[in-house]
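Trainee: Before we rely on the labels attached to this model, could we go through how each one is justified?
Mentor: Gladly; let us take the labels one at a time.

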Amino acid sequence: MTPRVLAELIASHAAALVLFARQWCDCPEDVVQEAFCKLAAASPPDDPAAWLHRAVKNAAIDAGRSARRRVNREQIAARSIQWFAESEIDGLDAEAAVAALEALPEDLREVIVARLWGGLTLEQIAAAAGCSVSTAHRRFEAGITVLRERLGAPCPN
């Protein structure tokens, strides 16, 4: 397809194709642009206008589906995660524990979560955090100390 023919197709069909794609997705301009790029790279179809409408419709439907799936994944990820099950931990206020854990500096929280919930060894935590084993151990101990203080839980002997 020559650049002149492509330019004529863009001038005569682009605006209508954007409106056409808008019924299926929130990014119609991107879909139309991709369709024109595919048309420029492909061997010329018998009816370029019909080909463009079909390509735009398929791409817009795919883009709309992708957007809906992304929104669903983001909504699921945005739901609050329960760190503790109140009934399983005797005498622990789960909300206070979550607040105390979330208030920790990231480096301390990372080590505590990896150790207690992830079941990682200090060697594995050190490798994941990019620190020495002794630093991982100090962070774990410091984080536990802060949590005990904030929750009013004495150190067991």
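**Checking the labels**

Mentor: We begin in helix H3, where Asp62 and Arg65 are 3 residues apart, which separates them by about one helical turn. Keep in mind throughout that this is a predicted model.

Trainee: What makes the contact between the side chains of Asp62 and Arg65 a salt bridge?

Mentor: The nitrogen-to-oxygen distance for Asp62 and Arg65 is 3.8 Å, and the rule asks for a side-chain nitrogen of Lys or Arg within 4 Å of a carboxyl oxygen of Asp or Glu, so the label applies. In general, side chains of opposite charge can pair when their charged atoms come close.

Trainee: Why are Asp62 and Arg65 called partly exposed?

Mentor: Asp62 has a relative accessible area of 42% and Arg65 has one of 43%; since buried means under 20% and exposed means over 50%, with partly exposed in between, that is the term for both values.

Trainee: How do you know that Glu74 forms a salt bridge with Arg70?

Mentor: Their closest N and O atoms are 3.6 Å apart, and because the cut-off is within 4 Å, the pair qualifies. Glu74 and Arg70 also both lie in helix H3, 4 residues apart, or about one turn of the helix. Glu74, at 45% relative accessible area, is partly exposed, and Arg70, at 39%, is partly exposed as well.

Trainee: What makes Asp107 and Arg139 a pair that links distant parts of the chain?

Mentor: The side chains of Asp107 and Arg139 meet in a salt bridge at 3.8 Å, N to O. Asp107 belongs to helix H5 (residues 106–116) and Arg139 to helix H7 (residues 133–151), with their positions 32 residues apart in the numbering. Asp107 counts as partly exposed at 32% relative accessibility, and Arg139, at 21%, is partly exposed too, because the buried class needs a value under 20%.

Trainee: How many salt bridges does the rule give in total?

Mentor: The count comes to 5.

Trainee: How do you know that the span of helix H1 agrees with its number of residues?

Mentor: At 1.5 Å a residue, the 20 residues of H1 (residues 3–22) should span 28 Å, and the end C-alpha atoms are 26 Å apart, which agrees. H1 nevertheless has a kink of about 50°, centred on His13.

Trainee: Which residues of H1 are buried, and what covers them?

Mentor: The buried residues are Leu6, Leu9, Ala14, Leu17, Val18 and Ala21, and their cover includes helix H2 (28–41) and helix H3 (48–78).

Key: Residues are numbered from 1 along each chain as its sequence is written. This is a predicted model: local features need pLDDT of at least 70, side-chain atom pairs count only at pLDDT 80 or more; totals for chains, interfaces and linings use all residues. Side-chain values use heavy atoms; hydrogens and water are left out. Helices (H or I, at least four residues) and strands (E, at least two) are DSSP runs, numbered from the N terminus. The expected span of a helix is 1.5 Å times one less than its number of residues. The bend at a residue is the angle between axes fitted to the seven residues ending there and the seven starting there. Buried means under 20% relative accessible area, exposed over 50%, partly exposed in between (1.4 Å probe, protein chains only). Contact means heavy atoms within 4.5 Å.
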